[in-house]
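I opened a fresh page for this one and worked through it a piece at a time. Here are my notes, in the order in which I looked things up.

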Amino acid sequence: MNNYEYFDNVKKNAAFIEDKCHICGKSDNCLDGVYFDQEGINAVCMSCFDKGAVSVYISGYIKSRVINNVEEKAEKLSHTPPVPWIQNNDWQICCDDFMLYIGEWEQSDFINAAGDGNAVEFFYGLLCDSTKAKVDDINVLWEDIGYDTVAYVFKCKKCNRIKVVCQSY
Ligand SMILES: [Zn+2]
Ligand SMILES: [Zn+2]
């Protein structure tokens with residue numbers, strides 16, 4: 001597997017499915033075809049994905065978050081394994097580039113990262129704007145992590161800022 005500028009530890013953080021690869025027929029490390037910009041593909045293995053056989057659909061909305069060298073960065077993101085989103089692709093931006101996806105965090109990860117601080121407040125402080133806008137009661141969202149809510153965590157490689165996107169089933 002390649003090393004990706006925008007995706008940390010593919011083996012651990014990507015979601016693999018059991019289906020056979022649409023291109024080579026193998027079933028090792030297959031990504032779900034739902035994320036690709038071609039129709040009628042069930043699954044593509046990491047080895048075919050690394051060869052550029054298919055690319056991930058990147059909406060104009062995601063692209064519009066970048067200011068400089070948009071096409072170059074979007075092209076790179078489209079050849080980055082997809083975050084296993086429950087809902088729409090909501091890849092985060094910082095310092096005018098796509099952030100590094102570092103995986104899904106559980107409550108325990110936020111508690112560890114918060115150190116002596118209040119973990120719920122720490123968690124709230126990391127939320128991306130669109131998640132924040134949807135929060136009625138932060139404690140409810142917090143208690144739902146690991147149940148119906150997934151917390152996707154991104155890190156900026158330039159300034160180390162962390163942003164969290166929450167999506168719920
Ligand atoms: Zn394949
Ligand atoms: Zn940054």
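**Entry 1: the hairpin of E7 and E8**

I began with a bridge: Val150 has Gln167 in E8 as its bridge partner. A note to myself before going on: this is a predicted model. I then looked up another pair and found Tyr152 opposite Val165 in E8. For the pairing as a whole, I read that strand E7, residues 149-155, runs antiparallel to E8 over 7 bridges. I also checked the turn of this hairpin, where 6 residues lie between the strands. Among the residues of the hairpin, Asn160 caught my eye, since I found it with a positive phi near 70°.

**Entry 2: the sheet around the hairpin**

Next I asked myself in what order the strands of this sheet stand. I found an open sheet of 3 strands, ordered E6-E7-E8, with antiparallel pairing. Why is one side of E6 and of E8 left without a neighbour in the sheet? Strand E6 (100-105) and strand E8 (162-168) are at the edges and have a single partner strand each, so one side of each stays free of a neighbour in the sheet. I noted the twist too, which averages 25° from one strand to the next. A reminder for when I look at side chains: in a regular strand they alternate between the two faces of the sheet.

**Entry 3: the sheet of E1, E2 and E3**

I moved on to another open sheet, again with 3 strands and antiparallel pairing, in the order E1-E2-E3. Its edge strands are E1 (16-17) and E3 (43-45), and each of these pairs on one side only. I looked up how E1 meets strand E2, residues 30-32, and found antiparallel pairing over 2 bridges. Here I saw Phe16 standing opposite Leu31 in E2.

**Entry 4: H5 against H6**

For helices, I reminded myself that a packed pair is described by the angle between the axes and the distance between them. I took helix H5 (residues 107-114) and helix H6 (residues 119-126): their axes come within 9 Å and cross at roughly 95°. With a crossing angle between 65 and 115 degrees counting as roughly perpendicular, I wrote down that H5 and H6 are therefore roughly perpendicular to each other. Which residues make the contact? From H5 I listed Phe110, Ile111, Ala113 and Ala114, and from H6 Ala119, Phe122 and Phe123. I sorted the residues of this contact by class and got 7 nonpolar, no polar and no charged.

**Entry 5: two domains**

I then stepped back to the division of the chain, which gives domain 1 (1-82) and domain 2 (84-169). Their centres, taken over C-alpha atoms, are separated by 22 Å. In the contact I found 16 residues from domain 1 and 11 residues from domain 2. On the domain 1 side, helix H1 (10-13) and helix H4 (70-78) supply at least two residues each. That side has 8 nonpolar, 4 polar and 4 charged residues.

**Entry 6: the whole chain**

Last, I looked up the totals: the chain has 8 helices and 8 strands. Its radius of gyration is 16 Å, close to the 15 Å that the globule rule gives for 169 residues, so I noted the chain as being as compact as a globular protein of that length. Along the principal axes, the C-alpha atoms fill a box of roughly 50 × 35 × 25 Å.

Key:
Residues numbered from 1 in each chain as written. Chains lettered and ligands numbered in written order. Predicted model: local features only at pLDDT ≥ 70, side-chain atom pairs only at ≥ 80, totals over all residues. Pairing = 2+ DSSP bridges. Helix = DSSP H or I, 4+ residues; strand = E, 2+ residues; numbered from the N terminus. Axes fitted to C-alpha atoms, helices over the stretch in contact; angles between N-to-C directions. Parallel < 35°, antiparallel > 145°, perpendicular 65-115°, else oblique. Contact = placed C-beta atoms within 7 Å. Nonpolar A, V, L, I, M, F, W, Y, C, P; charged D, E, K, R; others polar. Domains from an automatic or database assignment. Rg over C-alpha atoms; globule rule 2.2 N^0.38 Å.
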